[in-house]
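Subject: Handover of a structure and findings

Dear colleague,

Please find below the structure that I am handing over to you, followed by an account of what was found in it.

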Number of protein chains: 2
Amino acid sequence: MALKTIKTNDVHIINLEKIVTGPQSILFKYEDLLAYDCDGFTIERHLPRAVVFPKDSQEVSKLVQYCAQNDLPFLARGAGTGLSGGAIPLNGEVIISLVRMKRLLEIDLENRLAVVEPGFVNLKLTNSISDKGYYYAPDPSSQYACTIGGNVAENAGGAHCLKYGVTTNHILGLEVVLPNGEIIEIGKNGIPDFPGYDLLGILTGSEGTLAIVTKITVRLLKNPEGKKTVLAYFDRVEDGSRAVSDIISTGIVPAALEMMDKTAIEGVESAAFPVGHPRDIEAVLLIEVDGILAGIDDQIDLILGVCKSRNVREVKVAKDEEERGRWWANRKTGFGAMGAISPDYLVQDGVIPRSKLPEVLRRINQISEESGLRIANIFHAGDGNLHPLVLFDSRKPGETEGAIKAGSQCLKVCAEFGGSITGEHGVGIEKKEEMRFIFNDDEIKAQTDIREVFNPNNLLNAGKLFPTPGRCVEVKKEMKNPVKSTYY
Amino acid sequence: MALKTIKTNDVHIINLEKIVTGPQSILFKYEDLLAYDCDGFTIERHLPRAVVFPKDSQEVSKLVQYCAQNDLPFLARGAGTGLSGGAIPLNGEVIISLVRMKRLLEIDLENRLAVVEPGFVNLKLTNSISDKGYYYAPDPSSQYACTIGGNVAENAGGAHCLKYGVTTNHILGLEVVLPNGEIIEIGKNGIPDFPGYDLLGILTGSEGTLAIVTKITVRLLKNPEGKKTVLAYFDRVEDGSRAVSDIISTGIVPAALEMMDKTAIEGVESAAFPVGHPRDIEAVLLIEVDGILAGIDDQIDLILGVCKSRNVREVKVAKDEEERGRWWANRKTGFGAMGAISPDYLVQDGVIPRSKLPEVLRRINQISEESGLRIANIFHAGDGNLHPLVLFDSRKPGETEGAIKAGSQCLKVCAEFGGSITGEHGVGIEKKEEMRFIFNDDEIKAQTDIREVFNPNNLLNAGKLFPTPGRCVEVKKEMKNPVKSTYY
């Protein structure tokens, strides 16, 4: 309420405030806006014009209509945990924060689905249904904080996506507000493979550039009867990589198949959740198998056999849920753990064909040597999704730029080996130029043409996801009305 | 060659013939075109202007460019097994047949993928790799004849899609020719979850209205270690339906969970592959479980237990691969088997939430009584994908219309129960008006706007998939240059 008494002469803020109801429905003071100048990608910062907190789809629709009618750039924001800058207000956008829209609207276990608002936190969903034997599969490392709306925008992945697929494989329906304010429903009642064009697919992972999601129907899975988790230590990273390919070749689809290299191990063992990994090995694999109890032991035996044939130094099975939990905490806090061994780090996110793992790791090593910056590797090895973590010190002149360059070089290597520049973190503003590594101008234009259909005035989250148009790409409309200095 | 000597004064045919190389590259005689006046949906027929047989993407691109430059309507055709009329030349289209583009271009077992041309027959892929222990999952009943290009267009399903998903879940990359003749690549090297908009998803299942697929990268799966198949006979259809829900509730995901009702049983037992189903039961379930051997017996025990608790009359496990094969042949030839008990039949394809099965079956029964037409039900019960088969005699006045109406009423019931009007057969021309059962005008417009991006002149496969614009939907461009009478 206090906030509302602050005076502003920005007529748009005054009007936007009338649309949203309830306390703390809008922020526009300079010091409040500072918290919204970036998301989990902290290298670039821009202040929004205001942050509004609608309570339902109708309010979102009215806000969007107002912005559209007044040529105000706008974008949606969830928990702000995104790692590629998708929620950064590049053009002084009005940020439509969805954190007040956080209700769990429906659980239908018979048809295995739940309906949530976009601000509902990922992990809360599983916590709401685990006593009944169900869970929601996509599990990004930030799942304790990130919202399902944000997960849809980024098509978020997670450690267990090897077996269960990423967010797009678990979304059954959406209600969205289009950039003209219209509310439409896409996919209904959890019916899979709806006819017509796959709007569900195109919106999922569109990084907030096509529409604002206001309601989400997700698929729920039954808890597996059992799970077992293996840690395997390899003296040579090559052996670890080969073991990954060999495990997949057996026909087993592990629920998760994670790898960390020596530098990553140094980080996680120096941070909050050490588990006693030896410091002198080159690779640790964390392998989890789940399913029907009767089958699990056979799969574990096969996996242990593969590790031995690849010269594993030591391999062990978690003896209980507590040990399993500690191993996972060690892995899932891995990015942040780099803070223990480096003042700053930049996380990259590339994908390669699994068979190229050893070669690509060698190339990343070369990039590290050439840049003079250490690179830790923590990754979803099973699906070839690498996370090179470039360690640097932003206080040292040139190191930030060096880290950004090294990160980009890692992505270039991924693209050269037939891979992709992002597996789960999105493109945002961070990697939009790197899109050229994998798409030619025609291929980019086919996509920006689609953006134009949804978002013809380019007011919604402009300047994200695609490279700045070059010579051969049709020049897109200039951003309208970007305002950067109306703060009080 | 003989064909090429036939004279025509249609300058477009003369020019198209110059683009395609090799023998039998074009058909344009009336009697040849008759074979292309419909596909598996035989109720409506239109003659194409010509049928051309390009040998590669370049020829497809040139044909498309020619058609685009000369305002000639065109469409692509695979094996012509589609059930909703998607390949019918409504506007006297030039048909671009892809049957000569049928090469298996690459098999990469290490990365579990294959690259095929669109005319490659579905079942041939599995046959090419089964000796190495792999298979391609989507298995429409027409898989011995249908092409993978057609499967992509229709997002084809099949009996085993309950566990493994439909075509869109197995497509890793496409090369397509856009309606302006440009060739673009979508998804590359089998890397899943490529950044940018999900063009792969939007093209898959777009029923040939957005682009022509010229190359397809598909995911291969490792053969399960074992599989077991169960037949269960129920006196009451209600018990069979409840058993379906109960099986899913156990947490088991069967590879397939099929159901046939009494009329369907009469059909399959009167046709080429009878297996001795009792004629006096109301429902038979065909249930298949696959995976790791150790787990299968436990799952079968659970399934047998569920069937018994739902008053099953008899339940048995296939004793060998031969018996399993006979059971599947009986089921997979089920549609055609209706020919043994009815001069004509119309197959419908609706989806409902699984929990609504008993109620929806009762409503379909009412529709049968009211129409005076028998309706057999053969369906993928596990995912709620119904196939009501309306039996009729086209020689009796009014019965064809009555069957079409009854089929449409079945779809309306599916929509009323929160379902969809097609699970796997597509919309085509057959169900385009029924799209209104599940989409409002805004939702249809969001889709036709996308078609406009890809296909701005509406020359590619016009008049399919979406209802004829009504009052509230913006009137689309009129078809240009539809020619229906240039045959020699």
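A polar contact is a pair of N or O atoms within 3.5 Å; within protein, one atom must be able to donate a hydrogen and the other to accept it. Please note also that this is a predicted model.

With that definition in mind, I would begin with A:Asp56, which sits in the loop between β2 and α4 of chain A. A polar atom of the A:Asp56 side chain lies 3.2 Å from the backbone nitrogen of A:Gln58, and the side chain of A:Asp56 also reaches the backbone nitrogen of A:Glu59, at 2.9 Å. A:Asp56 and A:Glu117 are 61 residues apart along the chain, while their C-alpha atoms are separated by 8.7 Å.

Two further pairs in chain A deserve your attention. Over all chains, the search finds 60 salt bridges. One of them joins the side chains of A:Asp10 and A:Arg49, with 3.0 Å from N to O. A:Asp10 belongs to the loop between α1 (2-5) and α2 (11-19), and A:Arg49 to the loop between α3 and β2, so this salt bridge ties together parts of chain A that are 39 residues apart in sequence.

The count of aromatic pairs over all chains is 8. Among them is the pair of A:Tyr36 and A:Phe53, which is edge-to-face, with 6.4 Å centre to centre and 75° between the planes. Because A:Tyr36 lies in the loop between α3 (30-33) and β2 (50-52) and A:Phe53 in the loop between β2 and α4 (57-69), this pair ties together parts of chain A that are 17 residues apart in sequence.

I turn now to the contact between the two chains. Chain B contributes 63 residues to the contact and chain A contributes 64 residues. The area buried between them is about 5200 Å², and carbon and sulfur atoms give 60% of this area. On the side of chain B, the residues that lose the most area to chain A are B:Asp193, B:Pro195 and B:Tyr197, which together account for 15% of what that side buries.

Which kinds of polar link are counted between the chains? There are 0 salt bridges between chain B and chain A, and there are 13 residue pairs in polar contact. Several elements of chain B each supply at least two residues of the side that touches chain A, namely β9 (183-186), α8 (199-203), α9 (237-249), α11 (293-309) and α16 (441-454). The largest share, 9 residues, comes from α16(B). By class, this side of chain B has 26 nonpolar, 23 polar and 14 charged residues.

How are the two copies arranged? A turn of 180° with a shift of 0.0 Å along the axis lays chain B on chain A with an RMSD of 0.0 Å. The copies are therefore related as by a two-fold rotation axis. In chain B, the residue that comes closest to this axis is B:Gly295, at 2.4 Å by its C-alpha atom. Of the interface residues of chain B, 100% are also interface residues in chain A, so the copies meet through the same surface.

Yours sincerely

Terms used: Residues are numbered from 1 along each chain as its sequence is written. Chains are lettered from A and ligands numbered from 1 in the order in which they are written. This is a predicted model: local features need pLDDT of at least 70, side-chain atom pairs count only at pLDDT 80 or more; totals for chains, interfaces and linings use all residues. Side-chain values use heavy atoms; hydrogens and water are left out. Contact means heavy atoms within 4.5 Å. Buried area is the accessible area (1.4 Å probe) that two parts lose on being put together, summed over both. A salt bridge is a side-chain nitrogen of Lys or Arg within 4 Å of a carboxyl oxygen of Asp or Glu. Helices (H or I, at least four residues) and strands (E, at least two) are DSSP runs, numbered from the N terminus. Ala, Val, Leu, Ile, Met, Phe, Trp, Tyr, Cys and Pro count as nonpolar, Asp, Glu, Lys and Arg as charged, and the others, Gly among them, as polar. Copies are superposed by least squares on the C-alpha atoms of residues with pLDDT of at least 70 in both. Rings of Phe, Tyr and Trp (its six-membered ring) pair if their centres lie within 6.5 Å; planes under 30 degrees apart count as stacked, over 60 as edge-to-face and the rest as tilted.
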